[in-house]
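Student: I have a structure open and want to learn how to read a strand and a pair of chains. Can you walk me through it?

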Number of protein chains: 2
Amino acid sequence: MKIKNVCILGAGTLGTRVALQSALSGYQVRIYDIFPTALEKSKKTMEKIIGQLAKNTGLEEAAGFNAINSIIFTDSPANAVKDADIINESVLEDIKVKNEVWSLFGQIAPEKTIFTTNTSFLLPSMFAEISGRPEKFCALHFHDVFFAKGVDIMPHAGTDPGLIPILEDFGRSLEQVPVIIKKENHGYLFNSILGAILSSAGRLLANDVAEVEAIDKSYMVNFRVDIGPFGMMDTIGLDTVWHVTKNQNDPISQNFAKLLKNYVDAGKLGEKTGEGFYSYPKPRYKAPDFLG
Amino acid sequence: MKIKNVCILGAGTLGTRVALQSALSGYQVRIYDIFPTALEKSKKTMEKIIGQLAKNTGLEEAAGFNAINSIIFTDSPANAVKDADIINESVLEDIKVKNEVWSLFGQIAPEKTIFTTNTSFLLPSMFAEISGRPEKFCALHFHDVFFAKGVDIMPHAGTDPGLIPILEDFGRSLEQVPVIIKKENHGYLFNSILGAILSSAGRLLANDVAEVEAIDKSYMVNFRVDIGPFGMMDTIGLDTVWHVTKNQNDPISQNFAKLLKNYVDAGKLGEKTGEGFYSYPKPRYKAPDFLG
């Protein structure tokens with residue numbers, strides 16, 4: 001099958017970016033949100049992204065604005081899903097909300113429509129049945145679209161295997177690198193590895209083997225990258241890192257969870273509050289002499 | 001104290017590189033090996049490195065060869081340690097060999113000499129006593145010197161804290177990023193984190209969540225780097241990775257160890273044998289279309 005019409009459910013950060021990239025890649029895009037204000041904000045965000053892309057990648061601004069103007073922004077489910085070949089859902093990461101959305105769109109979507117969810121931490125099998133077409137249901141998970149260009153394709157046990165190559169092609173057409181996950185795994189592949197990095201760094205700190213900056217330096221200088229584990233934690237948010245860490249059972253991780261809890265209780269959640277393991281907007285690890 | 005004279009013990013891969021960088025940084029260097037052939041080979045390797053540096057970093061070739069010519073290559077312990085301000089030991093990673101070397105040099109080194117070991121996996125406390133001057137004994141662990149420019153400074157419980165800033169300055173003078181480890185940890189900081197990455201990737205594979213290439217793609221595209229966990233394992237050597245993995249107790253790591261053992265038994269040790277998770281000299285992950 002040939003995908004032409006793309007329906008994006010949820011006009012938040014990720015939905016906005018997938019919609020924009022789809023329009024830039026020549027698809028007819030409709031983006032749905034229950035809140036008209038979210039749709040207005042989404043359009044403004046797209047304009048901002050086009051400005052950045054024009055500056056950084058040489059994209060022609062006029063082409064970018066044409067793409068935005070080709071997108072249909074709607075709070076009408078029936079309008080959103082009209083003639084859709086594929087739905088990519090990015091609504092709130094809440095199982096109840098996602099169930100409501102998939103129950104509704106499962107009833108009103110054209111028969112041909114492929115159903116994909118952009119969920120970050122839940123699993124496609126959690127919504128596949130309620131959508132009414134589990135065999136056409138798969139996770140299609142974008143990261144950042146314009147910066148980190150990977151797209152995870154993760155079927156559940158009942159997904160028609162014929163769907164995978166179609167989603168691979170669709171991912172490539174959006175200039176993403178398709179990553180096939182063979183069976184359901186919370187957080188796909190990357191979160192498993194990222195979690196292992198953050199956890200091992202946290203254990204070194206909690207075990208008093210080294211300070212935050214030494215651990216980040218070691219990582220940055222050896223991998224030749226510009227951010228280390230504690231910089232990443234500040235970016236993710238220490239509240240989120242704490243939520244994950246407190247479920248790890250070994251005593252050293254528990255010590256790290258306690259240390260994180262102190263930051264959270266003090267309102268130091270990382271970059272978003274201006275204070276975490278580093279102080280923002282100018283964290284030490286970004287200073288020119290940090291690796292000097 | 002001011003370090004002027006540097007004594008390198010062991011003219012293998014790392015000793016050769018530390019000696020060369022020390023000479024390039026203006027130190028008087030003596031490099032010792034028990035085998036005269038190792039010293040000859042070391043000098044040839046230095047010449048090769050200078051050629052590469054001249055090509056890639058704009059180092060003046062003449063200055064590089066002057067540095068090599070200033071180095072004293074010797075198989076005489078007494079000559080090697082003459083007037084040494086610091087010893088950096090890179091002999092075989094074998095506790096018995098290291099004990100013999102430190103016992104000998106502890107007796108013949110000048111009183112002022114600082115003792116440092118470049119051990120990768122052992123701990124400084126294992127040789128500190130036999131050297132006769134535990135308070136002047138510390139790990140000073142280089143990675144690659146010219147590419148990965150980190151140097152780990154890891155004291156044991158009996159190291160004089162006053163040694164740390166001296167070693168930091170010395171590391172910086174060799175254009176390395178000093179990384180302070182507060183207490184002994186096998187593999188310093190980086191190996192803990194690297195091990196966590198490789199282990200989590202191995203678990204995804206052993207658990208049949210995804211294929212080798214998908215896991216590497218996910219890592220490479222999200223971290224924007226040019227090698228993923230299985231590429232790294234091939235570079236390290238699958239025999240080494242197997243040795244580490246088989247000591248991990250959880251059932252999924254044990255499954256990954258079995259999978260690695262099959263590679264080892266088949267003589268597929270990674271890059272060094274031409275075959276591992278990838279085929280060399282042109283592994284798939286280096287192909288221009290790998291992330292396409």
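Tutor: Let's take one strand of chain B and then the two chains together. Keep in mind that this is a predicted model.

Student: Is strand E6 of chain B enclosed or open?

Tutor: Start with the general idea: in a regular strand, side chains alternate between the two faces of the sheet. Now the case here. Strand E6 of chain B runs over residues 137–142, and 6 of its 6 residues are buried, so it is largely enclosed by the rest of the structure. On one side you'll find B:Phe137, B:Ala139 and B:His141, on the other B:Cys138, B:Leu140 and B:Phe142, and both faces are covered.

Student: Which strands pair with E6(B)?

Tutor: One is E5 of chain B, residues 114–117, which pairs with E6(B) in the parallel sense over 3 bridges. There, look for B:Thr117 opposite B:Ala139. Another is E7 of chain B, residues 150–155, and this pairing is antiparallel, over 5 bridges. In E7(B), B:Ile153 is the bridge partner of B:Leu140.

Student: And how is chain A related to chain B?

Tutor: Generally, two copies of a chain are related by a rotation about an axis and a shift along it. Here a rotation of 180° with 0.0 Å of shift along its axis puts chain A on chain B, with an RMSD of 0.1 Å. That is the relation of a two-fold axis. Both copies use the same surface: 100% of the contact residues of chain A recur in chain B.

Student: Which residue of chain A comes closest to the rotation axis?

Tutor: Go to A:Ala196, whose C-alpha lies 2.8 Å from the axis.

Methods:
Residues numbered from 1 in each chain as written. Chains lettered and ligands numbered in written order. Predicted model: local features only at pLDDT ≥ 70, side-chain atom pairs only at ≥ 80, totals over all residues. Heavy atoms only, no water. Buried < 20%, exposed > 50% of the residue type's maximum accessible area, 1.4 Å probe, protein only. Helix = DSSP H or I, 4+ residues; strand = E, 2+ residues; numbered from the N terminus. Pairing = 2+ DSSP bridges. Least-squares fit on C-alpha atoms with pLDDT ≥ 70 in both. Contact = heavy atoms within 4.5 Å.
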